[in-house]
Amino acid sequence: MSSEKFEDLEEDFVSLMDDMRRKLESVKNRGGVAESKKSQLREIQRKVDQASGVLQEMEHEARSAPNPYRVHMNSKTRKYRSELDEVNKTASTLAGGATHVTIARQDLLSPSSVLGDFGSGDPQRSRLLQMNETLNRTTDSLARTFQVAAETDQIGTAVAEELRTQRESLVRTKERLEETDQNLTTSRKILRTMYRRVMTNKMILILIIVIEMCILGALIYWKFIMK
């Protein structure tokens, strides 16, 4: 791996993920006191936020890494992002669909802490419960929106990386074509030079043959005719 910082961040992320998985398993197996579960779920959500920050730093390191390492690093960050989303989803499911903000707000707006000894039919109690449900739905909607935004950002990063790779490939292809064109130009020059030399050699050979024929004719004339 080209980045020592990326490796350090990866170790931190893996450690956080292992810790969150252990806590989730503990929450799944725990029975009884709801407050204890809420406390653990809040702790898990804090770990999720921390892991998300670490993962963002890893993604930044991957984007700035040299090309030979970038693809492998991006593959790792996408895998870790998927694992983190799965942990976050599991935590939300265990919390009854609520995020850590919802859990805290439920503590504040729970009937025992807000309504005290109001009767079950009290209008104020009903309104507060409705408000609490509305806030829960709004929080869930925001959480989904944030998740979609994160996925969109991840897709955009992957597309940009793919386009950058294709551009580099096109640049290399263009350079090879230019080099090939230069080689063809050089080859044409060499062929023209060779052609001129061949023609010159032919003319010299013809001239030599003509001279030899003249000499041979002169010898025949001198030997047979002059005598």
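Helices, at least four residues long, and strands, at least two, are taken here as DSSP runs numbered from the N terminus. The structure itself is a predicted model. With that in hand, the stretch from 204 to 224 is a handy place to start: the chain there is 100% helix and 0% strand, and its end C-alpha atoms sit 30 Å apart. An unreviewed UniProt entry annotates residues 204–224 as a "transmembrane region".

Next come two helices and how they pack. The axis of helix H1, which spans residues 4–29, comes within 11 Å of the axis of H3, and the two cross at roughly 25 degrees. Angles under 35 degrees count as roughly parallel, so H1 and H3 are roughly parallel to each other. As for its hand, the H1–H3 crossing is left-handed.

H3 turns up again around the model's interior space. The count comes to 1 cavity of 30 Å³ or more, and the largest cavity has a volume of about 110 Å³. Three helices each supply at least two residues of its lining: H2 (34–63), H3 (67–94) and H6 (123–225). Of these, H6 gives the most, with 4 residues.

Who are the lining residues? Glu59, Arg63, Asn74, Thr77, Arg78, Asp153, Gln154, Thr157 and Ala158 line the largest cavity. Sorted by character, the lining of this cavity holds 4 charged residues, 4 polar ones and 1 nonpolar one.

Methods. Residues numbered from 1 in each chain as written. Predicted model: local features only at pLDDT ≥ 70, side-chain atom pairs only at ≥ 80, totals over all residues. Heavy atoms only, no water. 1 Å grid on protein atoms, 1.4 Å probe; cavity = no way out; pocket = protein on both sides within 12 Å on 5 of 7 lines; lining within 4 Å. Points joined across faces, edges and corners; volume = space filled by probe spheres on them. Nonpolar A, V, L, I, M, F, W, Y, C, P; charged D, E, K, R; others polar. UniProt positions renumbered as here; feature names shortened; annotations may be inferred. Axes fitted to C-alpha atoms, helices over the stretch in contact; angles between N-to-C directions. Parallel < 35°, antiparallel > 145°, perpendicular 65-115°, else oblique. Left-handed = near helix turned anticlockwise from the far one by under 90°.
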